[in-house]
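Could you walk me through this structure, one selection at a time? I have it open in my viewer and would like to know what to click on next.

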Amino acid sequence: MPRVMAEEIMDDPGQSEGDFAAALDGLERLNKLTFAHAPLLRFLDRLVSEQGLRSLSLLDVGAGGGDALRAVARWGQRRGITLDLWGLDRSPWAERHAMASGTPAQWITCDLFDLPADRRFDVVTCSLFAHHLEDAALVRFLRWLPVHAERRWLILDLHRHWLPWAAVWAGTRLLRMHPMVTHDGPVSVMRGFDRADWGRLVAGAEVSATIRWILPFRWAVSGPGA
Ligand SMILES: C[S@@+](CC[C@H](N)C(=O)[O-])C[C@H]1O[C@@H](n2cnc3c(N)ncnc32)[C@H](O)[C@@H]1O
């Protein structure tokens, strides 16, 4: 079955700050419950060990409320790595939420494709963002990533499968999450990916990438910078 591109409420720019912030709080809770940032931290561990790095700049695309950046900041403190962290999100509510939550990062509020080509970072990452893009935009994004990443890039996103769909449908309702999250959660899984999707998208973009399935029902797609 192909990706089902039903609309997500979060992508409607008319959302109020209160609703958007409540949805970001719900996402942060889900991220904690699913250990969503663990694969990013393992990826960074490998990178700094392999390349012997003591400092790193990192851009999180579609950074939402900034919880991944806060997790990276804690990781950097534990590992003694000096970090230059950046968040990018097109919603102004995301920046306000991330700053109010004490995210130790600089912030860019724009559509990712408006970022000037000379803005480069050691690592460019994104989590639960890629499924927001239609296939053609995703191919463009896969080409965009090595342009902005000097060392490596990493996409973490959802596996389109009935099991996570059912878990997200039931979990968001049991936890009485905001209506935007109960709606967008299952829709996000349907907009997610199977291995064939990633094979096709990576081939279409003509980039070098490694595609790995990871728990809990996610894809980790990564590649070298240009
Ligand atoms: C589902 S949220 C994920 C937030 C966060 N990464 C997380 O894991 O909780 C997706 C975010 O991507 C942002 N977004 C969607 N399309 C975008 C685009 N074209 N450029 C920049 N940000 C975008 C949305 O505003 C939203 O904050």
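Here is a short tour, stop by stop. One thing to keep in mind as you go: this is a predicted model.

**Stop 1: the sheet**

Switch to a cartoon view and find the strands. Seven of them form an open sheet, and its order is 3-2-1-4-5-7-6, with mixed pairing. Now colour strand 3 (106–109) and strand 6 (210–214): these stand at the edges with a single partner strand each, so one side of each has no neighbour in the sheet. Look along the sheet and you can follow its twist, since neighbouring strands are turned against each other by 20° on average, direction ignored.

In general, the strands of a sheet pair through backbone hydrogen bonds, and they can do so parallel or antiparallel. For an example, select residues 55–61, which are strand 1, and residues 82–89, which are strand 2: they pair in the parallel sense over seven bridges. Which residue of strand 2 does L58 stand opposite? Show the side chains and you'll find L85 there.

**Stop 2: helix 3 on the sheet**

Next, add helix 3 (residues 67–79). Helix 3 packs on the sheet, where it touches strand 1, strand 2 and strand 4 (121–127). Compare directions while you're here: helix 3 makes about 175° with strand 2.

**Stop 3: helix 2 meets helix 3**

Keep helix 3 on screen and add helix 2, residues 38–51. The two axes come within 10 Å and cross at roughly 40°, which makes helix 2 oblique to helix 3. Their crossing is right-handed. To see who does the touching, show L40, L41, L44 and V48 on helix 2, then A68, A71, V72, W75 and R79 on helix 3. What kinds of residues make up this contact of helix 2 with helix 3? Eight are nonpolar, none is polar and one is charged.

**Stop 4: helix 8 and its partners**

Over to the strand 6 side. Select helix 8 (residues 195–205), which lies across strand 6 and strand 7 (218–224) and runs at about 160° to strand 6. Then bring in helix 5, residues 135–148. Helix 5 and helix 8 pack at an angle of about 60°, with axes 8 Å apart, and that angle makes helix 5 oblique to helix 8. This is a right-handed crossing too. Show D135, L138, V139, L142 and R143 in helix 5; they meet L201, V202, G204 and A205 in helix 8. This contact of helix 5 with helix 8 divides into six nonpolar residues, one polar and two charged.

**Stop 5: the ligand**

Click on the ligand and show what is around it. You should find 17 residues surrounding the ligand, the closest being G62, G64, R90, S91 and L128. The shell is a mix: eight nonpolar residues, six polar and three charged.

**Stop 6: two backbone oddities**

Finish in the loops. Go to P216, in the loop between strand 6 and strand 7. The peptide bond that joins L215 and P216 is cis, with omega about -5°. Then jump to F35, in the loop between helix 1 (17–33) and helix 2. F35 isn't a glycine, yet its phi is positive, at about 50°.

Conventions:
Residues are numbered from 1 along each chain as its sequence is written. This is a predicted model: local features need pLDDT of at least 70, side-chain atom pairs count only at pLDDT 80 or more; totals for chains, interfaces and linings use all residues. Axes are lines fitted to C-alpha atoms, for helices over the stretch in contact, and angles run from 0 to 180 degrees between N-to-C directions. Helices (H or I, at least four residues) and strands (E, at least two) are DSSP runs, numbered from the N terminus. Angles under 35 degrees count as roughly parallel, over 145 as roughly antiparallel, 65 to 115 as roughly perpendicular and the rest as oblique. A crossing is left-handed if the near helix is turned anticlockwise from the far one by less than a right angle, and right-handed if clockwise. Two residues are in contact if their C-beta atoms, placed from the backbone, lie within 7 Å. Ala, Val, Leu, Ile, Met, Phe, Trp, Tyr, Cys and Pro count as nonpolar, Asp, Glu, Lys and Arg as charged, and the others, Gly among them, as polar. A residue is near a molecule or strand if its C-beta atom, placed from the backbone, lies within 6 Å of it. Two strands pair if DSSP finds at least two bridges between them.
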